[in-house]
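Trainee: I would like a close look at a single part of this structure. Please take one residue, then follow the chain of contacts outward from there.

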Amino acid sequence: ETDCEQIASMISALGSVGVDAELWLPSRRGAGPQPSVESICAYYEVASTFRVRTFRSVFPAPRWVEKAAHPLACLRGLRGSQGHVVYTRNIPMALMALKYTNNPVVYETYRRWPRDYKITKYAFSWMVKHPRLAAFVTHSALAARAYLDLGLPSSKCLVSHNGFDPHRLTPVLSKAEARQALGLPVEGRIVTYTGHINLKKGLGMVLDMADAIPEALFVLVGSQGQGEVEDRAQSMSNVKIIPWLTGKGSIPYLYASDALLIPPTSGPLEKVGNTVLPIKTFQYLAAGRAIVGPATDDVREVLKDDHNALLLQPDDLEGATTRLRSLLHDPRRMEQLSQQAKVDSARYTWTGRASSFVEFLSQSPVINAASLSEPKNT
């Protein structure tokens, strides 16, 4: 899942910039050996720059049980670890650590919880004003506004866009090399989407666009079984569905493409709420291909229309189809967008994000991030 990939990438990057980082996990009941640093890093293709510590918890269990059980298990360890900074994306973990320990707490989120789920407003109103909250990290300025409106001090708010790992983009392939390796047509235009394939992610509109642009091949990478999108695509000769690929498996598809697609709909952001500035954006930039996406407030923080991407009016099928077709028939413009995307990607590496994070914490009166690399300060 994307959240696990983000956590693994970030903790590895923190270790690479000198932080003494330790990943705390629930132990599996009766599952034999627990996850090792080596197995985790091999799966997520990150450097083993951190340690792993497991705690006995209710696991595996229903998600709502795990969300509460794991923080309770961690509290026992935190009470004896006063040098630790708690860095979490789990709401109960942040709340419990603030209430029941003396540890500084950093909470990170991509969601606009108080806006999308009013019931969370009270918990976050308490959290953002707590004196031991060291930092509140959001993946976009759009998300940050939901917490600043609750009283989060701007001095504790860090807007930190996600990133990519240059190592995972290797080997770099030409368009022809990638297509030959994947068995895709060497000639013709290819538009690619990578990620979860379902209607909630806006794939319905992508299929509508494919139907309107039959001269282009639309490659959708990330199928996890037969669903509504897969059912409809079966009758479309210019749509190719690729199963979910772990690690670097999807990278050659990026290099094989003329355009990389973020569905130009407002649904994932405004209706579902679980897609805010999708993490694929940064890998798309690094691939050095023309990016096509929605002109939504979150995406526009990173992508600029006619600069490093083609941004389309959300939910306007006719307009989106017209502009995408025009781009696909304009090699010079595609090349300009591709080159600028590659240039702009340099500011969005995971190690760069980790360095900015540590620099921000070094200004915090709650903790001294300069000591994070010292023994017993994790």
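Mentor: Start with Asp-258. This model is predicted, so read every value as computed from it. Asp-258 sits in the loop between α11 (251–255) and β10 (259–261). Is Asp-258 buried or exposed? Its relative accessible area is 2%, and the cut-off for buried is under 20%, so Asp-258 counts as buried.

Now look at the side chain of Asp-258. It makes a polar contact with the side chain of Lys-175, at 2.8 Å. The side chain of Arg-189 is another polar partner of the Asp-258 side chain, at 3.2 Å. Then widen the view and set aside neighbours within four places in sequence. Asp-258 is in contact with Lys-175, Arg-179, Gly-188, Arg-189 and Ile-190. The list goes on with Arg-289, Ala-290, Leu-328 and Met-334.

Take the last two names, Leu-328 and Met-334. They lead to a pair of helices. Leu-328 belongs to α14 and Met-334 to α15, and both take part where these helices meet. On the α14 side, the residues are Arg-323, Ser-326, Leu-327 and Leu-328. On the α15 side, they are Arg-333, Met-334 and Leu-337. The axes of α14 and α15 come within 6 Å and cross at roughly 95°. That angle makes α14 roughly perpendicular to α15.

Stay with Arg-333 for a moment. It is found in helix α15, which covers residues 331–345. Arg-333 has a relative accessible area of 18%, so it is buried. Leave out residues up to four places away in sequence, and Arg-333 touches Asp-306, Leu-310, Arg-323, Ser-326 and Leu-327.

Asp-306 deserves a stop of its own. It lies in the loop between β11 (290–294) and β12 (310–312). Asp-306 has a relative accessible area of 48%, so it is partly exposed. Now check its backbone. Most residues other than glycine have a negative phi. Asp-306 has a phi near 60°, a positive value in a residue other than glycine.

Glu-45 has a positive phi too, near 55°, and is likewise not a glycine. Find Glu-45 in the loop between α2 (37–44) and β2. At 24% relative accessibility, Glu-45 counts as partly exposed.

Keep to the backbone and turn to peptide bonds. Most peptide bonds are trans. Which residues does a cis peptide bond join here? Phe-59 and Pro-60 are joined by one, with omega about -5°. Pro-60 has its place in the loop between β2 (51–56) and α3 (63–78). The peptide bond from Thr-170 to Pro-171 is also cis, with omega near -5°. Pro-171 lies in the loop between β6 (157–159) and α8 (175–182). Lys-175, the polar partner of Asp-258, is where the range of α8 begins.

Go back to α14, because this helix has another partner to show you: α9. Helix α9 is residues 203–212, and helix α14 is residues 317–328. They pack at an angle of about 55°, with their axes 10 Å apart. That makes α9 oblique to α14. The crossing of α9 past α14 is right-handed. Which residues make the contact? From α9 come Met-205, Asp-208, Met-209 and Ala-212. From α14 come Leu-317, Ala-320, Thr-321, Leu-324 and Arg-325.

Next, visit Glu-230 in helix α10, residues 228–233. Glu-230 has 6% relative accessibility, so it counts as buried. Its side chain reaches the backbone nitrogen of Gly-227 at 3.0 Å. Set aside neighbours within four places in sequence. Glu-230 is then in contact with Ile-197, Ser-223, Gln-224, Gly-225 and Ile-241. Compare sequence with space for one of these contacts. Glu-230 and Ile-197 are 33 residues apart in sequence, and 8.4 Å apart in space, C-alpha to C-alpha.

Finish with the cysteines. A disulfide is a covalent bond between the sulfur atoms of two cysteines. How many disulfides does the structure hold? It holds 0. Cys-74 is in no disulfide, and the nearest cysteine sulfur, that of Cys-4, is 15 Å away. Cys-74 has 11% relative accessibility, so it counts as buried. Cys-157 counts as buried as well, at 13% relative accessibility.

Conventions
Residues are numbered from 1 along each chain as its sequence is written. This is a predicted model: local features need pLDDT of at least 70, side-chain atom pairs count only at pLDDT 80 or more; totals for chains, interfaces and linings use all residues. Side-chain values use heavy atoms; hydrogens and water are left out. Helices (H or I, at least four residues) and strands (E, at least two) are DSSP runs, numbered from the N terminus. Buried means under 20% relative accessible area, exposed over 50%, partly exposed in between (1.4 Å probe, protein chains only). A polar contact is a pair of N or O atoms within 3.5 Å; within protein, one must be able to donate a hydrogen and the other to accept it, and residues adjacent in sequence count only if both atoms are side-chain atoms. Contact means heavy atoms within 4.5 Å. A disulfide is a pair of cysteine sulfur atoms within 2.5 Å. Axes are lines fitted to C-alpha atoms, for helices over the stretch in contact, and angles run from 0 to 180 degrees between N-to-C directions. Angles under 35 degrees count as roughly parallel, over 145 as roughly antiparallel, 65 to 115 as roughly perpendicular and the rest as oblique. A crossing is left-handed if the near helix is turned anticlockwise from the far one by less than a right angle, and right-handed if clockwise.
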